[in-house]
Amino acid sequence: NSPLEQVSARFPGDVHLMSTTAAYDCEGKTSFYLDTTNTQHNFWGSSLSTEHPDVQKSGMEHVDVTLMNLNRLLKENTIPGDWVMVKMDIEGAEWD
């Protein structure tokens with residue numbers, strides 16, 4: 001079990017893991033393209049974009065991911081007084 005899974009198990013209903021989900025401005029499914037070649041920077045070129053140079057060098061290898069609207073998730077599951085922490089690895093979105 002990963003450390004996040006352990007925390008989720010300790011706080012059921014309060015901690016939600018969505019490790020195979022991409023935050024986006026709409027909901028649906030998409031391809032997430034993997035950087036399999038850039039070992040120097042821990043494969044930091046993975047991206048939703050097919051245009052990223054590391055994605056292209058990796059032969060466009062991809063996995064399918066679910067897209068979710070983070071704003072909607074927060075609006076439907078929190079109230080104004082809640083304290084919310086979102087941990088997110090943006091995986092190349094700054095390049096997109």
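Arg 72 and Glu 76 sit four residues apart in helix H3, so about one helical turn separates them. Their side chains form a salt bridge, with the closest N and O atoms 2.8 Å apart. A salt bridge here is a side-chain nitrogen of Lys or Arg within 4 Å of a carboxyl oxygen of Asp or Glu. Helices (H or I, at least four residues) and strands (E, at least two) are DSSP runs, numbered from the N terminus.

This is a predicted model: local features need pLDDT of at least 70, side-chain atom pairs count only at pLDDT 80 or more, and totals for chains, interfaces and linings use all residues. Residues are numbered from 1 along each chain as its sequence is written, and side-chain values use heavy atoms, leaving out hydrogens and water.

**Salt bridges**

A search of the whole structure finds three salt bridges. Arg 72 also meets the side chain of Glu 27, at 2.8 Å from N to O. Glu 27 lies in the loop between strand S1 (21-24) and strand S2 (28-33), while Arg 72 is in helix H3 (residues 70-77), so this pair ties together parts that are 45 residues apart in sequence. Glu 27, Arg 72 and Glu 76 are thus named as one network of salt bridges.

The remaining pair is Asp 54 and Lys 57, whose closest N and O atoms are 3.7 Å apart. These two residues are three apart in helix H2 (residues 53-57), so about one helical turn separates them.

How accessible are the partners? Buried means under 20% relative accessible area, exposed over 50%, and partly exposed in between (1.4 Å probe, protein chains only).

| Residue | Relative accessible area | Class |
|---|---|---|
| Glu 27 | 45% | partly exposed |
| Arg 72 | 42% | partly exposed |
| Glu 76 | 53% | exposed |
| Asp 54 | 8% | buried |
| Lys 57 | 60% | exposed |

The Asp 54 and Lys 57 bridge therefore joins a buried residue to an exposed one.

**Around Asp 54**

Which residues does Asp 54 touch, not counting those up to four places away in sequence? The list is Asp 35, Thr 37, Asn 38, Trp 44 and Gly 45. Contact means heavy atoms within 4.5 Å. Asp 54 has its place in helix H2. From Asp 54 to Ile 90 the C-alpha distance is 15 Å, and the two are 36 residues apart in sequence.

**The sheet**

Three strands form an open sheet in the order S1-S3-S2, with mixed pairing. S1 and S2 are the edge strands, and each pairs on one side only. Neighbouring strands are turned by 45 degrees against each other on average, direction ignored. Axes are lines fitted to C-alpha atoms, for helices over the stretch in contact, and angles run from 0 to 180 degrees between N-to-C directions.

Two strands pair if DSSP finds at least two bridges between them. Strands of a sheet pair through backbone hydrogen bonds, either parallel or antiparallel. Both senses occur here. S1 and S3 pair in the parallel sense over four bridges. In this region, Ala 23 has Met 68 in S3 as its bridge partner. S2 and strand S3 (residues 62-69) run antiparallel and are joined by six bridges. Tyr 33 stands opposite His 62 in S3. H3 packs on the sheet and touches S1 and S3, with its direction at about 45 degrees to that of S3.**A nonpolar patch**

Val 84, Val 86, Met 88 and Ile 90 make a nonpolar surface patch of about 320 Å². Patches are made of residues with over 30% relative accessible area and no salt bridge: like charges are joined within 9 Å, nonpolar side chains (Val, Leu, Ile, Met, Phe, Trp, Tyr) within 5 Å. Accessible areas come from the Shrake-Rupley method with a 1.4 Å probe, and for residues, only the protein chains shown count as cover. Val 86 is found in the segment after H3, and Ile 90 lies there too. Val 86 is partly exposed at 43% relative accessible area. Ile 90 is partly exposed, with a value of 43%.
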